[in-house]
Amino acid sequence: MNDNLWYRDAVFYEIAVKSFHDSNNDGIGDFNGLTMKLEYLKNLGIDAIWLLPFYKSPLRDDGYDISDYYSILPEYGTMEDFKNFISKAHSYSIRVIADLVINHISDQNQWFIDARSDKNSKKRDWFIWNDTPDKFKDARIIFIDTENSNWAYEAGTKQYYFHRFYSQQPDLNYDNPEVREEMKNVIRYWLNLGLDGFRADAVPYLFKREGTSCENLPETHEYFKEIRKMMDIEFPGTILLAEANQWPTEAKKYFGNGDEFHMAFNFPLMPRIFISLAKRSNRSIIDIINQISDIPDDCDWCIFLRNHDELTLEMVTDEERDIMYNEYAKLPKMRLNMGIRRRLAPLVDNDRSTIELLNALIFSLPGTPILYYGDELGMGDNIYLGDRNGVRTPMQWSYDRNAGFSKVDAEQLYAPVITNPNYHYESVNVESELRISSSLLNWMKKIIGVRKDYKELLGRGAIEFINNKNQRVLAYIRKYENQRMLCLFNLSRRPTYVELDLSNYKGLKPIEAFTKAPFPRIGDLNYFITIPPRGFFWFNLIIPETDDSMDFEGEDNY
Ligand code: NOJ
Ligand code: CA
């Protein structure tokens, strides 16, 4: 197999350096702490890490406001620490991609300090200036809870500058060739230090044109194709993952003709998984998968349930958004901008079956799954922290002081650990969960392991939905070469049954993938099966070697 396609079968894991482990006890996680925890990630079965921004930054947007693209925030460690982390990760066969914040920078960046100081500054044209805030009126505002315009006034030179996010994050001017070149240099710089690729931030917004929404413009696609070409030539095997929160047709375009992004986050699917659950109906998932499945060869959707941001609801209908708010965000504090700022476990009321079902979906739908740190433990959140900080609290390692994250006094932590009784770190932590065989963490290890047993099938296989009269059940078959996996999900909270027309698979025998439990071979009649509330099954369909009458022979280790 071509190793350059490593991302296709990988399980990804998203980490904030600050949140993972504090090695020098100053209350802030760091690269050395991260290095110490690589073994944990290896044992969990992680193949690749996505690092949130770790560059020098005043942290007005938690590092998505970079003040120096060529250095690391000192609190996170030194360049040596970074290199050591990368080489240790590679020694565990774990690849590392990092955020590439390309659309905007920090207003504390020297480029912007120069640009704002003087209209004749050489850097002036690296940004977008106007005498009035009237240009690009059709560009929507993204941080609607904090910003009321995409323009901010610069009193010194009496002009406005354009910013798509916080006003402290001026957008770069991609019409300027120096900017385009500089970002390529940034890319080269970090790839030379050993990164395996980038998660590119806010990709739709690079180029702006009057009279458009200033999103997804052809010039933006062209530029990413140039970057891709450069990476393919100069750094083969490195990848680009797009953060493009868009409607399906636009999101899909970031794969180009297989010559743009290797992967893109599956923003179209993510909210619709939760909508399907809320409506106890498979329709939303089937509709969306049918819309987004035809992507170029060797491209993959990156499938996620949660990340460090709010669960965004910008690209759903008003009706769907209402369903989401009613089901998952009953308190106003649970909402932010157009989304829900909660972690996975609290979103689903800490219901274990639902958490398992959701993970079983992202591990078996076409694409590459990515986990958000702590969600493998069922970590809680803190909706009383501002912005998106409630889902960015310290990783919970043990029931020791500060959840084993740091030895400082609790007041000195960058954020408090979770102590809500339902999610208290004294029980929701790595050490405790490893000791209990039935813990969520051990279940997550199991599903990652099963996924690896069938990684080509589940990573690359085609999907075929099996029609059935019961909308509560989502049923599909994944196929790859001569392998077949039948996946069934009861989206409702009551037990139910399905009758499936599996005539195309007559003679095959379903073997439950987690336990290897045999089920009756598929015959002439519809296949009948019952599923518990929020239950799921993955059945490997095999050519049977024994008769069904042998099903209850032999040992059962479960
Ligand atoms: C998307 C990132 O995920 C988010 O955290 C950030 O605030 C914006 N882009 C702006 O960079
Ligand atoms: Ca530290």
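Q: How many residues of strand S9 are buried in this model?
A: A residue is called buried when its relative accessible area is under 20%. In this predicted model, strand S9, residues 197-201, is mostly covered, with 5 of its 5 residues buried.

Q: Which residues of S9 point one way, and which the other way?
A: Gly-197, Arg-199 and Asp-201 point one way from S9, whereas Phe-198 and Ala-200 point the other way, and all of them are buried.

Q: In what sense do the strands beside S9 pair with S9?
A: Strand S5, residues 95-101, pairs with S9 in the parallel sense over 4 bridges, and one place to look is Val-101, whose bridge partner in S9 is Asp-201. Strand S10, residues 239-242, also pairs with S9 in the parallel sense, over 4 bridges, and here Ala-200 stands opposite Ala-242. Following the chain, S9, helix H7 (residues 218-234) and S10 make a right-handed β-α-β unit.

Q: Which strands stand at the edges of the open sheet in the order S13-S15-S14?
A: This open sheet is formed by 3 strands with antiparallel pairing. Strand S13 (311-312) and strand S14 (335-336) stand at the edges; each has a single partner strand, so one side of each is left without a neighbour in the sheet. S13 is joined to strand S15, residues 339-340, by 2 bridges, and these two strands run antiparallel; Leu-311, for example, has Ile-340 in S15 as its bridge partner.

Q: Which residues coordinate the calcium ion (ligand 2)?
A: To read a metal site, list the residues together with the atoms that they offer to the ion. The calcium ion (ligand 2) is coordinated by Asp-22 (OD), Asn-24 (OD1), Asp-26 (OD), Ile-28 (O) and Asp-30 (OD), at 2.2 to 2.3 Å, and along the chain these donors follow the spacing D-x1-N-x1-D-x1-I-x1-D.

Q: Is Asp-30 buried or exposed?
A: Asp-30 has a relative accessible area of 4%, and therefore counts as buried, whereas Asn-24, with a relative accessible area of 48%, is partly exposed.

Q: Where is Asn-490, and what does its side chain reach?
A: Asn-490 lies in strand S19, which covers residues 483-490, and it counts as buried because its relative accessibility is 0%. The side chain of Asn-490 reaches the backbone oxygen of Pro-532 at 3.0 Å. Leaving aside neighbours within four places in sequence, Asn-490 is in contact with several residues, among them Leu-357, Arg-472, Ile-531, Pro-532 and Gly-535.

Methods: Residues are numbered from 1 along each chain as its sequence is written. Chains are lettered from A and ligands numbered from 1 in the order in which they are written. This is a predicted model: local features need pLDDT of at least 70, side-chain atom pairs count only at pLDDT 80 or more; totals for chains, interfaces and linings use all residues. Side-chain values use heavy atoms; hydrogens and water are left out. Buried means under 20% relative accessible area, exposed over 50%, partly exposed in between (1.4 Å probe, protein chains only). A polar contact is a pair of N or O atoms within 3.5 Å; within protein, one must be able to donate a hydrogen and the other to accept it, and residues adjacent in sequence count only if both atoms are side-chain atoms. Contact means heavy atoms within 4.5 Å. Two strands pair if DSSP finds at least two bridges between them. Donors are N, O and S atoms within 2.8 Å of the metal (3.2 Å for Na, K and Ca); water is not among the atoms, so sites may look incomplete. A crossover is right-handed if, with the strands pointing away from the viewer, the path from the first strand over the helix to the second runs clockwise.
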